[in-house]
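Colleague: Please take me through one part of this model closely: the strand pairing. Keep the steps short, and tell me where single residues sit.

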Amino acid sequence: MKKTVSLTKSGKKDLEQELQDLIAQRPAIAERLATARSFGDLSENQEYTDARAEQKSVENRIVEIEEILKSAKIIRDTAHDKVAIGATVTVTLGGKKYTYSVVGPVEADPTKGMISDQSPIGKALMGKTTGDTYELPNGNKGKIVEIS
């Protein structure tokens with residue numbers, strides 16, 4: 001069974017851009033490999049080893065992104081009355097206000113306020129409405145202030 005990956009429109013666009021950037025790196029890596037091969041003995045050629053490692057990393061990420069995009073389900077931008085993927089939610093926790101965008105695991109980046117629906121706070125918030133309280137696995141409790 002094929003696993004579906006939930007992405008926002010901007011998340012899909014970011015992945016497509018990353019894919020283009022990685023594909024654009026291929027010629028430069030091939031050039032580095034050719035140059036390193038010209039140095040001779042490959043068994044003790046650190047430039048060649050480094051270029052091969054970079055090539056492997058880039059190719060693996062290309063395959064990963066292509067698989068994500070093949071199985072992507074785009075989240076529509078709609079108004080939300082409950083916390084769901086694609087919603088932006090403002091909560092209070094420990095006397096402070098936080099605003100999060102709830103996204104799928106592929107797009108999650110807590111440093112940018114993008115939390116996965118599979119994360120502890122995401123799981124605690126899913127399905128809740130404005131005014132509801134929630135509890136995190138560590139016992140901290142908060143309240144949902146606004147959902148958009």
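Modeller: Ser101 stands opposite Met114, a residue of strand E5. This is a predicted model, so read each value as computed from it. Strands E4 and E5 are joined by three bridges, and they run parallel. Strands in a sheet pair through hydrogen bonds of the backbone, in a parallel or an antiparallel way.

Now step back to the whole sheet. Five strands make it up, in the order E5-E4-E3-E7-E6. The sheet is open, and its pairing is mixed. Which strands stand at the edges? They are E5, residues 114-116, and E6, residues 133-135. Each of these has a single partner strand, so one side of E5 and one side of E6 lack a neighbour in the sheet. Neighbouring strands are turned against each other by 45 degrees on average, with direction ignored.

Let us walk along that order. After E5 comes E4, which covers residues 96-103. Its link to E3 has six bridges, and E3 and E4 run antiparallel. One pair to find here is Val91 and Tyr98: Tyr98 is the bridge partner of Val91 in E4. E3 and E4 also form a hairpin, with two residues between the strands. In the turn, Gly94 has a positive phi of about 60 degrees.

Next to look at is Gly95, in the loop between E3 and E4. Is Gly95 buried or exposed? Gly95 has a relative accessible area of 82%, so it counts as exposed. Now compare positions in space. Gly95 and Ile115 are 20 residues apart along the chain, and their C-alpha atoms are separated by 20 Å.

Move on to strand E3, residues 88-93. Thr90 lies in this strand. Its relative accessibility is 12%, so Thr90 counts as buried. What does Thr90 touch, leaving out residues up to four places away in sequence? The list includes Lys97, Tyr98 and Thr99. Thr90 also touches Lys143, Ile144, Val145 and Glu146. Of these, Glu146 is the bridge partner of Thr90 in E7. E3 and E7 run antiparallel, and five bridges join them.

That brings us to E7, residues 141-147. Ile144 has its place in this strand. Its relative accessible area is 1%, so Ile144 is buried. Where do its contacts come from, not counting residues up to four places away? Ile144 touches Val83, Val89, Thr90 and Val91, among others. Further along the chain, Leu125 and Lys128 are among its contacts too. So are Thr129, Thr130, Gly131, Asp132 and Tyr134. For a contrast, take Ala30. Ile144 and Ala30 are 114 residues apart along the chain, and their C-alpha atoms are separated by 52 Å.

One strand is left on the walk. E6 pairs with E7 in the antiparallel sense, over three bridges. Here Tyr134 stands opposite Gly142, which is in E7. E6 and E7 form a hairpin as well, with five residues between the strands. In that hairpin, Gly139 takes a positive phi near 95 degrees.

Before we finish, a quick look at the helices. Two packed helices are described by the angle between their axes and by the distance between those axes. Helix H1 spans residues 9-37, and helix H2 spans residues 46-70. They pack at an angle of about 155 degrees, with the axes 9 Å apart. That angle makes H1 roughly antiparallel to H2. The crossing of H1 and H2 is left-handed. Sorted by class, their contact has 14 nonpolar, two polar and 13 charged residues.

Glu67 is one residue to pick out in helix H2. At 43% relative accessibility, Glu67 counts as partly exposed. Glu67 and Lys3 are 64 residues apart in sequence, and 10.0 Å apart in space from C-alpha to C-alpha.

To recap the sheet, follow E5-E4-E3-E7-E6 on screen. E4 and E5 run parallel. E3 and E4 run antiparallel. E3 and E7 run antiparallel. E6 and E7 pair in the antiparallel sense.

How values were computed. Residues numbered from 1 in each chain as written. Predicted model: local features only at pLDDT ≥ 70, side-chain atom pairs only at ≥ 80, totals over all residues. Heavy atoms only, no water. Pairing = 2+ DSSP bridges. Helix = DSSP H or I, 4+ residues; strand = E, 2+ residues; numbered from the N terminus. Axes fitted to C-alpha atoms, helices over the stretch in contact; angles between N-to-C directions. Parallel < 35°, antiparallel > 145°, perpendicular 65-115°, else oblique. Left-handed = near helix turned anticlockwise from the far one by under 90°. Nonpolar A, V, L, I, M, F, W, Y, C, P; charged D, E, K, R; others polar. Buried < 20%, exposed > 50% of the residue type's maximum accessible area, 1.4 Å probe, protein only. Contact = heavy atoms within 4.5 Å.
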